[in-house]
Amino acid sequence: MAPLTGTQKAAMLLLQLGRDRAARVMAQLDVSEIEELTAEILRLERVDQRLADEVLEEFHAVSVVGPGVGGGMGLAQHLLVASLGAEQAADVLERLQTTMQGQPFEFLQHADARQVVSLLSSEHPQAIALVLAHLKPDHAGIILAGLDPELQADIAHRIALMERASPDVVQVIAETLQRKASSVLQANDFAAVGGVQPLVEIINRADPGTEKVILEGLAARDEELAEEVRSRMFVFADITLLEDRAMQLVLRQVETAQLSVALKGVSDGVRETVMRNLSERARENLLEEIELLGPVRLSLVEDARAAIVQVIRRLEESGQIVIRRDAEDELVA
């Protein structure tokens, strides 16, 4: 009889666990694994008891690892072969080894695309394809677009046909390019990772207390820069910049209790923006909630406003709303 595959062994094991236990095990698997096991179970009409016992013994042997027993490649390989079969185990081990060795072209991941194009332009198309296949798709796409048009299709074709590459070959190419990169990619040639806008995005995600500390500290060092940062930030008072449809989408995700606290002490413009985008009943409920609140600590008001701003920022990031800043062009329908 031919050796059992990993899937066949797993199916045979599940059959011997009983329905309830087998169901709990299968609930932990992904859809493709469940489909494979189900198909195998359907094929197993009758099972030789001796074979079933051998599967149980093998499972027990590989699953019980006592204290002080080391791991390593040998044990990992044994467990994978027992669970998946020799062929799938080899594929998994190869992927794991590649991951554990790290990304060979990590030094190019954040480099300016134009400089990477300059670095790669004299390389063989297969080497270029290998490099691009290891980079993040958005970065690789920009680099590919910067290469000569006659090269682009050739490299794209090579990437599409590429399945596996020898780790030794990858390492040689990576080391060669890294030596060349030391003279081509100077410090000022790398992509910008700082600047005003990244700082604004960081502060926008901070809590009100952190935001205040950062802006006050920045103002003490450079008032002009602090003002630029403030001008780019979206604060609660900026909800007047939202179109009505956007404001309505925001309000659907905010609780009345939170909104009532946030509106304490706001300007007439902010209050009007909120009120006109509520139904008559919701508006009445909100006004009643505000009256019942009485005096509210400033810290609670700031927290409520910050939470609503976070909702607005999430909606903008997901593309569901657009924030119209004063300096930006009007939208054309």
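**Entry 1. Overall**

I began with the contacts: of those in the protein with a separation of 6 or more, 74% are between residues 24 or more positions apart. I note here that the model is predicted. Next I looked up the secondary structure and found 20 helices and zero strands. I then checked burial, and 31% of the 333 residues are buried. For the surface, I read an exposed area of about 21,600 Å². Carbon and sulfur atoms supply 53% of that area.

**Entry 2. Helices α18 and α19**

I picked the pair formed by α18, residues 268-275, and α19, residues 280-293. Their axes come within 10 Å and cross at roughly 140°. I checked how that angle is classed: angles over 145 degrees count as roughly antiparallel, and α18 and α19 are therefore oblique to each other.

I listed the residues on both sides of this contact. From α18 they are Arg271, Val274 and Met275. From α19 they are Arg283, Leu286, Leu287 and Ile290. Sorted by kind, the residues of the contact are five nonpolar, no polar and two charged.

**Entry 3. Burial in α18**

Which residues of α18 are buried? I found Val270, Thr273, Val274 and Met275. I then looked for what the buried residues of α18 pack against, and the partners are α16 (244-251), α17 (256-262) and α19.

I took Thr273 as a single case from α18. Thr273 has 2% relative accessibility, and the cut-off for buried is under 20%, so Thr273 counts as buried. Leaving out residues up to four places away in sequence, Thr273 touches Ile239, Thr240 and Met247.

**Entry 4. The two sides of α10**

I moved to α10, which covers residues 137-146. His139, Ala140 and Ile143 are buried there. Seen down the helix axis, the buried residues of α10 fall within an arc of 95°, so they line one face of the helix. I keep the general rule beside this: an α-helix has 3.6 residues a turn, so residues three or four places apart point the same way.

On the other side of α10, I found Pro137, Asp138, Ile142 and Ala145 exposed. The buried residues of α10 pack against three helices that I looked up by number: α7 (106-109), α8 (113-120) and α9 (125-134).

**Entry 5. Phe236**

Where is Phe236 found? I located Phe236 in the loop between α15 (223-232) and α16. Is Phe236 buried or exposed? At 7% relative accessibility, Phe236 counts as buried.

I listed what Phe236 touches, again without residues up to four places away in sequence: Ala262, Leu263, Val266, Val270, Arg305, Ile308 and Val309. Val270 I had already noted among the buried residues of α18. For Ala262 I also looked up the C-alpha separation from Phe236, which is 8.6 Å. Those two residues are 26 residues apart along the chain.

**Entry 6. Ala306**

I placed Ala306 in α20, residues 298-317. With a relative accessible area of 21%, Ala306 is partly exposed. I looked up Ala262 again, this time against Ala306: their C-alpha atoms are separated by 8.6 Å. Along the chain, Ala306 and Ala262 are 44 residues apart.

**Entry 7. Leu225**

My last residue was Leu225, which has its place in α15. Leu225 has a relative accessible area of 28% and is partly exposed. How many residues apart in sequence are Leu225 and Leu215? I read ten, with 9.7 Å between them in space, C-alpha to C-alpha.

How values were computed
Residues numbered from 1 in each chain as written. Predicted model: local features only at pLDDT ≥ 70, side-chain atom pairs only at ≥ 80, totals over all residues. Heavy atoms only, no water. Helix = DSSP H or I, 4+ residues; strand = E, 2+ residues; numbered from the N terminus. Buried < 20%, exposed > 50% of the residue type's maximum accessible area, 1.4 Å probe, protein only. Contact = heavy atoms within 4.5 Å. Areas by Shrake-Rupley, 256 points an atom, 1.4 Å probe, with all protein chains shown as cover. Axes fitted to C-alpha atoms, helices over the stretch in contact; angles between N-to-C directions. Parallel < 35°, antiparallel > 145°, perpendicular 65-115°, else oblique. Nonpolar A, V, L, I, M, F, W, Y, C, P; charged D, E, K, R; others polar. Arc of directions from axis to C-beta.
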